[in-house]
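Biologist: Could you take a close look at one part of this model for me, the aromatic rings and what surrounds them? I would love to hear which rings pair, and how.

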Amino acid sequence: MPTVKIIGATGYGGLGLIEIILRHPELTLSAVAATQDIGKPLSAVWPYLEGYCDIPILDADSPEFRDAPADVVVCATPDGVGQLRAPEVLKAGGRFLDYSGDYRFNTKELYAEYATRIGKDPVHKAPDLLPQAVYGLPELHRKEIASSRLVGNPGCFAVSCTLGLYPAVKNGLVETAGLVCDCKSGISGAGKKPTQAHHYPERYDNMGAYRLTGHQHVMEIERELGLAAGGQDIRVSFTPQVVPMCRGIMSCLYGRLAPGATQKNLLDCYRETYAGERFVLVKDGSQAASTNDVRRSNRCLLTVAADERTGLFRVISHIDNLVKGQAGSAAQNLNCMLGLPETMGIDGPGMHP
């Protein structure tokens, strides 16, 4: 059975992938690493895993972690860590899946632009690996992912917005100038590290926008939509907001309908584009939809509701930010990389309420 080891295993992203692997019929978790709680069982940090995953948390530089078998090493960490870890893994013949922005762009110039936008060091520490990197959105790049040894997992907002806009942009049903992504996310998208802004009294019964310039996922969205439009330079107006719930993303996507575009041909286009996609569900505007419909599932739920009266394009995209927006996409990528059925271990309804 294929083996996986995870760096950054105690954060929400690593933890979500562990939950999936524990239920996966083919994948085995061989080792986990983190920067804190070294030596403790994983279940000591997350007690709900007791009896299911009691393996020790290791230092990623320890012999025990380095020597543990792995067909794929997953780096569920912030930017910068994967740049240092991937070279050793690939040199040894392994595969590497990274959660951060380190390998979402495959030239050092694109990476430098991305890093500068978000205030990070623009110099990539492993630039020779960038041409090998594949963007890990299987609905758009599954063939490349299947043959790649280095995959950059997409950002949560990028999954929601890209899948929501891709069919209309690719087929010329929306004007590419003036696209708007108005996105709401649950607080778990900020990770598990506590801060004043994420303290319960500050977050309860409160919502607000943040990072109105320089959000880390904007460049992913623009790059993918530009490719869909045949190489156009596409710019989106992106407004991320945090709302008082644990998990889920709702992205309200707007633009001007292209001349001749109607609700019917827009809906037909989306249904045709995603007809073979198990994890993308398309509804029309008459059908109610909410984040409850995708909670703890790997689905992206798209409501297509063009406003022909005003000439506006509208698609509402719902995902679970910790599953389809993170660990579920990672599991989809692992399946592709390892030659397993893409839906294995992640095909099922979420949990409600």
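Modeller: Phe238 is buried, with a relative accessible area of 7%, in this predicted model. Its partner, Phe157, is also buried, at a relative accessible area of 2%; both values fall under the 20% cut-off. The two ring centres lie 5.4 Å apart and the planes meet at 80 degrees, so the pair counts as edge-to-face, given that the angle is over 60 degrees. This contact joins distant parts of the chain: Phe157 belongs to helix α7 (residues 156–170) and Phe238 to strand β10 (residues 236–242), 81 residues apart.

Happily, there is more to see. A search of the whole structure gives five aromatic pairs. One of them brings together Tyr12 and Trp46, with 6.3 Å from centre to centre and 45 degrees between the planes, a tilted arrangement. Here too the pair links distant parts of the chain, 34 residues apart: Tyr12 sits in helix α1 (residues 12–23), while Trp46 is in the loop between α2 (42–45) and β3 (57–58). Tyr12 is partly exposed, because its relative accessible area is 29%, which lies between the 20% and 50% limits.

Phe105, Tyr111 and Tyr114, for their part, make up one aromatic cluster.

Charged side chains also meet rings. Lys5 is placed over the face of Phe65, 4.8 Å from the ring centre. Likewise, Arg223 lies over the face of Tyr135, at 4.7 Å from the ring centre.

Definitions and conventions
Residues are numbered from 1 along each chain as its sequence is written. This is a predicted model: local features need pLDDT of at least 70, side-chain atom pairs count only at pLDDT 80 or more; totals for chains, interfaces and linings use all residues. Side-chain values use heavy atoms; hydrogens and water are left out. Rings of Phe, Tyr and Trp (its six-membered ring) pair if their centres lie within 6.5 Å; planes under 30 degrees apart count as stacked, over 60 as edge-to-face and the rest as tilted. Helices (H or I, at least four residues) and strands (E, at least two) are DSSP runs, numbered from the N terminus. Buried means under 20% relative accessible area, exposed over 50%, partly exposed in between (1.4 Å probe, protein chains only). A charge sits over a ring if NZ of Lys or CZ of Arg is within 6 Å of the ring centre and within 35 degrees of the ring normal.
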